Amino acid sequence: MTNFKEIKANTYEDMSNEAATIIFDALKESKQFSLGLATGSTPEGMYDALAKKINEANLDLSELTTFNLDEYVGLDESNDQSYHYFMEKHFFSKLDIPQENVHILDGVAEDLQKEVEDYEALIDEVGIDIQVLGIGRNGHIAFNEPGTDFNSLTHKVQLTDETIEDNSRFFESIEDVPTEAVSMGLQTIMKAKTIILLISGDNKKNARDLFISGEITEDIPVSILHNHDNVILITDSAARGE
Ligand code: F6R
């Protein structure tokens, strides 16, 4: 299946700029916009480039809403490994988005079941115009690991050993990596009108291969995107093995 568009960027910086430009152009078009965001190393350059473009153009973000994909269970926003902290550092601190329009799952909510249900309901109410995604080496998107139900909504997940190991580079020791997270489900992600999937680096070549093979299976979470009509894949040359 090839119903997605691939933008073949050269460097990581080029990939980041391509993504930032698509989002910036969409924000210019429509003041009332809902943006789905990812954390991780991959989108850092995009956040830099996008914040720069927005600030240079003095774009009004008063009607922008954001939804993040996921958060670790047990880390609050003051923890420098939480996704709240990441987003503040790399994006929100540089911009003027009304606090009440910024949505990130609360990993320390007393009632996590209510937290995930409320999050899903809010996404249904507001919608997501563009959702940005990174990808794990095993093809995970958000914290939806291989085997996740394609019909999954926002839910609590158990991280796989591979993801814990990958994410341990950000923590002092592997024992410090949380083993659970709250995450949009695969069906939640599919609700977005447009999806931008970023794949960067030679360690993600396998993940890109898994996706472009076209096989649609719950063993490869990202493969659900073949059932979406509006996916833009942006890769750098390393991810393509070039
Ligand atoms: C982050 C997320 C994860 C990452 C993925 C890749 O919000 O949902 O699925 O996109 O683990 O992470 P990096 O970009 O650090 O390789």
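This is a short tour of the ligand site, the pockets and the cavity in this structure, which is a predicted model.

**Stop 1: the ligand and its neighbours**

Start by selecting the ligand, then show the residues around it. There are 14 of them, and Thr-42, Asp-70, His-140, Ala-142 and Lys-204 come nearest. Colour this shell by residue class and you should find four nonpolar, seven polar and three charged residues.

**Stop 2: contacts to the ligand oxygens**

Next, display side chains and turn on distances. Which side chains place an N or O atom close to a ligand oxygen? Pick Lys-204, where an N or O atom of the side chain is 2.6 Å from an oxygen atom of the ligand. Move on to His-140, whose side chain has an N or O atom 2.7 Å from a ligand oxygen. Then select Arg-169: one of its polar side-chain atoms lies 3.1 Å from an oxygen atom of the ligand. Now switch the protein to a surface view and see how much of the ligand is left showing. On its own the ligand has 410 Å² of accessible area, and the protein covers 93% of that.

**Stop 3: the largest pocket**

Zoom out a little, keeping the ligand in view. Where does the ligand sit? It is in the largest pocket, which holds about 730 Å³ of space. To find the middle of this pocket, select Thr-39, Gly-40, Ser-41, Arg-169 and Phe-170, the residues nearest its centre among the 36 that line it. Arg-169 is worth a second look here, as you have already met its polar side-chain atom 3.1 Å from a ligand oxygen.

Now show the cartoon and pick out strand E4 (70-72), helix H3 (83-90) and helix H5 (161-167), each of which supplies at least two residues of the lining. Which element gives the most? That is H3, with five residues. Taken by class, the lining of the largest pocket has 14 nonpolar, 14 polar and eight charged residues.

**Stop 4: the second largest pocket**

Stay with H3, and select the residues that line the second largest pocket: Glu-77, His-84, Tyr-85, Glu-88, Lys-89, Phe-92, Leu-95, Ile-97, Gln-99, Val-102, His-103 and Ile-104. This pocket has a volume of about 280 Å³. H3 again provides the largest share of the lining, this time four residues, and strand E5 (102-103) supplies at least two. The classes here are six nonpolar, three polar and three charged residues.

**Stop 5: the cavity**

For the last stop, leave the pockets behind. How many cavities of 30 Å³ or more are there? The count comes to one, and the space in the largest cavity is about 30 Å³. To see what surrounds this space, select Leu-27, Ser-30, Lys-31, Phe-33, Asp-60, Leu-61 and Leu-64, which line the cavity. By class, this lining divides into four nonpolar residues, one polar and two charged.

Note on methods: Residues numbered from 1 in each chain as written. Predicted model: local features only at pLDDT ≥ 70, side-chain atom pairs only at ≥ 80, totals over all residues. Heavy atoms only, no water. Near = heavy atom within 4 Å. Polar contact = N/O pair within 3.5 Å; in protein donor to acceptor, adjacent residues only side chain to side chain. Areas by Shrake-Rupley, 256 points an atom, 1.4 Å probe, with all protein chains shown as cover. 1 Å grid on protein atoms, 1.4 Å probe; cavity = no way out; pocket = protein on both sides within 12 Å on 5 of 7 lines; lining within 4 Å. Sits in = over half its atoms within 2 Å of the grid points. Nonpolar A, V, L, I, M, F, W, Y, C, P; charged D, E, K, R; others polar. Points joined across faces, edges and corners; volume = space filled by probe spheres on them.
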